[in-house]
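Subject: Structure handover

Hello,

Here is the structure I said I would pass on. Please keep it open while you read the notes under it.

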Amino acid sequence: MKKKKLLIFSYDFPPSDGGISRLCNEIAHKAIDEFDDVTVLTRRKVEAQKSSFNQKIKIRFVHKRRVLSELTSLWFLLTLKNKNNYQVLCGVWHPEAFLVWLAGYKKINVLVHGAEMLTGASKFRKFFWLPIYANWLLNKVTIIANSDYTGSLCEIIVSKKHVNVLPLGVNHQFFKPFKKTNTNKVIIGTVSRIEKFKGHDFILKVISKLPNKYLKKIEWHIAGTGPYLNQLKKNVTTLNLDEIVKFHGFVPDDELPSFYNFLDLFILCTREIEDEVEGFGLVFLEAQSCGVPVIGTNTGGISSAIENKKGGWLIEQDNEQELSNLITLLVENNSILKVEGIKARHRVEKECTWELYSQKLFKILK
């Protein structure tokens with residue numbers, strides 16, 4: 001009997017941070033019980049040691065520099081024995097899926113996240129990259145899209161039969177509620193890379209316009225780094241909100257549960273602009289899993305991560321009045337936050353665990 005083998009090929013893998021890295025790591029650990037052999041092919045990181053990974057997962061590092069990483073990845077793929085026994089799962093479609101196809105593998109599966117399937121403003125992407133290259137390659141693989149929205153983007157480019165929609169799950173045993181310390185303020189928080197399309201400026205604008213009686217009752221804590229961070233800090237100072245808005249910088253994965261549990265409310269108001277979009281929004285599930293209700297915009301795939309009034313709220317993109325009304329309502333009625341937080345945790349346990357996600361994923365891989 002042939003052994004069931006899984007090869008996860010993702011340049012994003014711990015200790016790298018980010019949603020793709022966490023996703024591939026969770027899949028690898030769940031796959032241990034499903035496959036006889038689990039191998040991860042990823043870029044070498046200076047701080048990465050094999051001893052830091054589960055010993056049942058075989059980690060194969062390739063060169064960390066771009067061109068060399070692709071050459072060494074291709075060599076590994078070409079020389080791997082019994083390649084036809086492997087199901088291959090790629091973290092993204094390019095270059096991973098292309099290299100796997102080039103090496104002659106047949107059972108190729110690709111995780112698709114959202115933004116990489118948008119046309120954007122570039123003529124190269126619009127007239128070659130997606131309609132020709134992506135169309136050719138992705139019609140040769142099985143696509144696993146993280147939301148209905150992402151799936152619809154894929155179907156513009158490839159045949160519908162190649163697309164499976166599988167909304168993400170969350171590690172509900174890691175992201176879980178802790179006992180909160182009561183304060184006299186509503187603690188709002190955001191976790192994300194700090195980029196313009198993530199909407200931090202929109203949230204700041206809404207907060208700055210709140211009546212003073214509400215400003216005294218809230219704090220906004222921001223975790224993350226990114227190209228828009230310095231400008232955001234300047235805007236906070238200009239608006240004299242330094243006492244209300246707190247910056248935490250990069251928060252490591254193992255500290256995220258504590259950060260979420262510090263909050264009463266999670267907000268991330270991502271925009272959909274050009275080639276930038278939130279394909280799903282794993283942070284929404286992480287917060288809800290910690291018993292924290294969330295507010296997000298009804299853009300991209302966020303509606304797959306938030307069920308309106310069942311542990312969270314969806315608002316329209318850049319709708320200042322809608323967000324302002326919601327914040328003031330929740331500040332005036334703290335009990336709503338507690339009720340919705342309980343709903344959020346219950347929804348995650350029932351519908352959004354990694355166990356449920358993994359069961360569905362492994363059925364697709366079979």
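The notes below go through the pockets, a helix, a sheet, some backbone details and a cavity.

Please keep in mind that this is a predicted model.

The two pockets

The largest pocket has a volume of about 1200 Å³. Its lining is made up of 39 residues, and those nearest the centre are Gly-18, Gly-19, Ile-20, Lys-198 and Glu-278. Two elements, α1 (19-31) and α10 (282-289), each give two or more residues to this lining. Of the elements, α1 gives the most, with five residues. Sorted by class, the lining of the largest pocket holds 16 nonpolar, twelve polar and eleven charged residues.

The second largest pocket holds about 450 Å³ of space. It is lined by 20 residues, and Lys-180, Thr-181, Asn-182, Asp-264 and Lys-338 are the closest to its centre. Here the elements that give two or more residues are β8 (186-191) and α12 (334-351). The largest share comes from α12, with five residues. By class, this second lining has eight nonpolar, seven polar and five charged residues.

Helix α1

Since α1 gives the most to the lining of the largest pocket, it is worth a look of its own. How far apart are the end C-alpha atoms of α1? They are 18 Å apart, which agrees with the 18 Å that its 13 residues should span at 1.5 Å a residue. The buried residues of α1 are Ser-21, Arg-22, Leu-23, Cys-24, Glu-26, Ile-27, Ala-28 and Ala-31. When you look at that list, remember that an α-helix has 3.6 residues a turn, so residues three or four places apart point the same way.

The six-stranded sheet

There is an open sheet of six strands in the order β10-β9-β8-β11-β12-β13, and the pairing is parallel. Which strands stand at its edges? They are β10 (245-249) and β13 (312-315); each has a single partner strand, so one side of each is left without a neighbour in the sheet. On average, neighbouring strands of this sheet are turned by 25° against each other, direction ignored.

Strand β8, which also gives residues to the lining of the second largest pocket, is joined to β11 (residues 265-268) by two bridges, and the two strands run parallel. To find this pairing in the viewer, start from Gly-189, whose bridge partner in β11 is Phe-266.

Backbone details

Most residues other than glycine have a negative phi, and most peptide bonds are trans. The following places depart from that pattern.

Two cis peptide bonds are worth finding. One joins Pro-14 and Pro-15, with omega about 10°. Pro-15 is in the loop between β1 (5-9) and α1. Another cis peptide bond joins His-94 and Pro-95, with omega about 5°. In this case Pro-95 lies in a helix, α3 (residues 93-102).

Positive phi values occur at Lys-309 and Asp-318. For Lys-309, phi is near 65°, and the residue is not a glycine. Lys-309 sits in the loop between β12 (294-297) and β13. Is Lys-309 buried or exposed? Lys-309 is exposed, because its relative accessible area is 57% and the cut-off for exposed is over 50%.

For Asp-318, also a residue other than glycine, phi is near 60°. Asp-318 lies in the loop between β13 and α11 (320-332). With a relative accessible area of 35%, Asp-318 counts as partly exposed.

The cavity

Rolling a probe the size of a water molecule over the atoms shows where empty space is left. The count comes to one cavity of 30 Å³ or more, and the largest cavity has a volume of about 30 Å³. Its lining consists of Leu-23, Leu-111, Val-112, His-113, Ile-144, Ala-145, Asn-146, Leu-166, Leu-168 and Tyr-357. The elements β5 (108-112) and β6 (142-145) each give two or more residues to this lining. By class, the lining has eight nonpolar, two polar and no charged residues. Leu-23 should be familiar by now: it is one of the buried residues of α1, and it is also among the residues that line the cavity.

Regards

Note on methods:
Residues are numbered from 1 along each chain as its sequence is written. This is a predicted model: local features need pLDDT of at least 70, side-chain atom pairs count only at pLDDT 80 or more; totals for chains, interfaces and linings use all residues. Side-chain values use heavy atoms; hydrogens and water are left out. On a 1 Å grid over the protein atoms alone, a cavity is a set of points where a 1.4 Å probe fits but cannot get out, and a pocket is an open set with protein on both sides within 12 Å along at least five of seven lines; lining residues have an atom within 4 Å of a point. Grid points are joined across faces, edges and corners, and a volume is the space filled by probe spheres set on the points. Helices (H or I, at least four residues) and strands (E, at least two) are DSSP runs, numbered from the N terminus. Ala, Val, Leu, Ile, Met, Phe, Trp, Tyr, Cys and Pro count as nonpolar, Asp, Glu, Lys and Arg as charged, and the others, Gly among them, as polar. The expected span of a helix is 1.5 Å times one less than its number of residues. Buried means under 20% relative accessible area, exposed over 50%, partly exposed in between (1.4 Å probe, protein chains only). Two strands pair if DSSP finds at least two bridges between them. Axes are lines fitted to C-alpha atoms, for helices over the stretch in contact, and angles run from 0 to 180 degrees between N-to-C directions.
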